Amino acid sequence: MRGADVSRDPCPWVILNDAGGAFAMGAIGGGTWHYIKGARNSPYGERFRGGMNAMRSRGPIIGGNFAVWGGMFSTFECVLKGIRQKEDPWNSIGSGAITGGMLAARGGWKAASVSAVFGGVLLALIEGVGIAMSRAFAQQPPAIAPPPAQQ
Amino acid sequence: MNSLAFRAAVSRVQQRHLRRQTPAAVCSLSQTRSHAGGRVHGTRSYSTAGGRGRQMAGTAGNVLLVGSVVTLFGYIMYTLYDNLLAENGVTRVYNESLDLVRANPQIREIFGPSVMGFGEPSHGQRQRQRAISHREFEDDKGRQRLTMKYYVANKKDGGDHTGVVRVDIAKSAFTGKWDYNYVVVDVFDTANSRNAGRVEVLVTDEFAKEVRASEQTRRNRRFDVGGRGGSDGSWFSALNPSNWRK
């Protein structure tokens, strides 16, 4: 019974993990982006300092935004997994839609629904890339003898 | 210094304005300036020939870029449809068969009210959900088949049973629809680490008939191969010790 590893349910802890990962991603990527932007907007001789300033002031904000997205997404995914008791791509698509809707909720129903559709489509695309990658790289399992013993 | 920069900017704007004028106007302008109409025409046609080549190369690059992006997007969309929505999509069959398993009274008795379905154990931390082991093939009768395997357990109340669900669906050669061959659950008692039997959630009559027929042919063979070799019971296979009956 190698396959039936029941003990590994990552769910409450994976939220923290995802929020941290998203913060790191946003802080590094946003920091690089704003370093370049700040350096370009500075006069000669002040490029490095201007870039560093922009990075210091803007990078953590982007990281925070990413962390909010990642943490909420992971939370909703765990909720959906707990309610449906199923593990499939619908969980992440649904939680992407809910997260997008919740984060745009202050803009009213219309903005929230547009943002929800956008989040769902985005997560569906990510899931699709994952499925396509696994289809391309995972080898087909060896032939299993399927028929059940019928007496 | 400022006025110099201003004059330069003004001349740049003027040039842009000139370029935007109709070709006839440009032509007449250059004629009035250089007094050499024929030469102007010649140089202009030469320069547009070079520009056309460059333009075509740029267009080809754009077409290539847009085409590859559209192809990639279409492939991803197709993959999503094939997995989530199609009749033989792995995720869809997983959802439907798991609903069937949950509705079964025997399963409810063993596992309780909450039955979680999950796939193979994942090796990466970043994996969102566990992949479901499945196989698509064409069987010896020429039908498209899809078999899959996943696991069920009660994770809320932490029962000591685990089930291995095996699903088999086939595409009918006549109607072109996919239908189940069987959904069975092999139950394991993890506390005592022993096999606790099999629950047949769904086995169609046709498939049961097929299995019975193949069992019959196996029983009617002259030598018991027990699945060891590819013996068909022919005379030569009796010489192979692995085919001797114990």
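**Group meeting: helices in chain A, strands and a core in chain B**

Let's start with one residue, Ser193(B): this one is exposed, since just 9 other C-beta atoms lie within 10 Å, and a residue counts as exposed at 12 or fewer. Ser193(B) sits in the loop between E5 and E6 of chain B. Its phi is near 45°, so a positive value, and yet Ser193(B) isn't a glycine. Why point that out? Because most residues other than glycine have a negative phi. One caveat before going on: this is a predicted model.

Okay, chain B, and strand E3 in particular, residues 144-153. How many of the residues of E3(B) are buried? That would be 8 of the 10, so E3(B) is largely enclosed by the rest of the structure. Now look at what E3(B) pairs with. E1(B) runs antiparallel to E3(B), and 3 bridges join the two. If you want one to click on, Gly117(B) has Val152(B) in E3(B) as its bridge partner.

Then there's strand E2 of chain B, residues 133-138, antiparallel to E3(B) as well, with 6 bridges. Arg135(B) is partnered there with Thr147(B) of E3(B). E2(B) and E3(B) make a hairpin, with 5 residues between the strands. In that turn you'll find Gly142(B), with a positive phi of about 80°.

And E4(B): 9 bridges join this strand to E3(B), antiparallel again. Here Leu146(B) stands opposite Ile169(B) in E4(B).

That takes us to the largest nonpolar core, which has 28 residues. Which of them touch the most other members? Those are Val101(B), Met148(B), Val152(B), Val165(B) and Val185(B). As for where the core comes from, helices H4 (90-103) and H5 (105-111) of chain B each supply at least two residues, and so do strands E1, E3, E4, E5 and E6 of chain B. E3(B) gives the largest share, 6 residues.

Let's zoom in on Met148(B). Leaving out residues up to four places away in sequence, Met148(B) touches Val90(B), Val93(B), Tyr94(B), Ile132(B), Ser133(B), His134(B) and Val167(B). Apart from that core there's another one, of 11 residues, and among them are Phe73(A), Ile98(A) and Ala116(A), along with Leu84(B).

One more stop in chain B. The unreviewed UniProt entry puts a "transmembrane region" at residues 62-81 of chain B. In the model that span is 100% helix and 0% strand, and its end C-alpha atoms lie 28 Å apart.

Right, over to chain A. Its secondary structure comes to 4 helices and 0 strands, so from the N terminus you read α-α-α-α, counting DSSP runs. Of its 151 residues, 32% count as buried. As for contacts between residues at least 6 apart in sequence, 51% join residues at least 24 apart.

Take H2(A), residues 47-84. H2(A) has 38 residues and spans 53 Å from first C-alpha to last, close to the 56 Å expected at 1.5 Å a residue. Where is the kink in H2(A)? At Arg58(A), about 30°, shortly before the proline Pro60(A).

Follow H2(A) to its end, and just after the helix comes Gln85(A), with a positive phi of about 55°. Gln85(A) isn't a glycine either, and its place is the loop between H2 and H3 of chain A. Buried or exposed, then, for Gln85(A)? Partly exposed, as Gln85(A) has 18 C-beta neighbours inside 10 Å.

Next up is H3(A), residues 89-103, with 15 residues. This helix reaches 21 Å from its first C-alpha to its last, close to the 21 Å expected. H3(A) is mostly covered, with 11 of its 15 residues buried. Including Pro89(A), Ile93(A), Ala97(A) and Ile98(A), the buried residues run through to Gly100(A) and Gly101(A).

Keep Ala97(A) in view, and bring in Val121(A) from helix H4 of chain A, residues 109-137. The C-alpha atoms of Val121(A) and Ala97(A) are 7.8 Å apart, with 24 residues separating the two along the chain. Ala97(A) is among the buried residues of H3(A), whereas Val121(A) counts as partly exposed, with 14 C-beta neighbours inside 10 Å.

That's my tour, so over to you.

Definitions and conventions. Residues are numbered from 1 along each chain as its sequence is written. Chains are lettered from A and ligands numbered from 1 in the order in which they are written. This is a predicted model: local features need pLDDT of at least 70, side-chain atom pairs count only at pLDDT 80 or more; totals for chains, interfaces and linings use all residues. A nonpolar core is a set of buried Ala, Val, Leu, Ile, Met, Phe, Trp, Tyr and Cys residues joined through C-beta atoms within 7 Å. A residue is buried if 20 or more other C-beta atoms lie within 10 Å of its own, exposed if 12 or fewer, and partly exposed in between; C-beta atoms are placed from the backbone. Two residues are in contact if their C-beta atoms, placed from the backbone, lie within 7 Å. UniProt positions are given in the numbering used here, feature names are shortened, and annotations may be inferred rather than shown by experiment. The expected span of a helix is 1.5 Å times one less than its number of residues. Two strands pair if DSSP finds at least two bridges between them. The bend at a residue is the angle between axes fitted to the seven residues ending there and the seven starting there.
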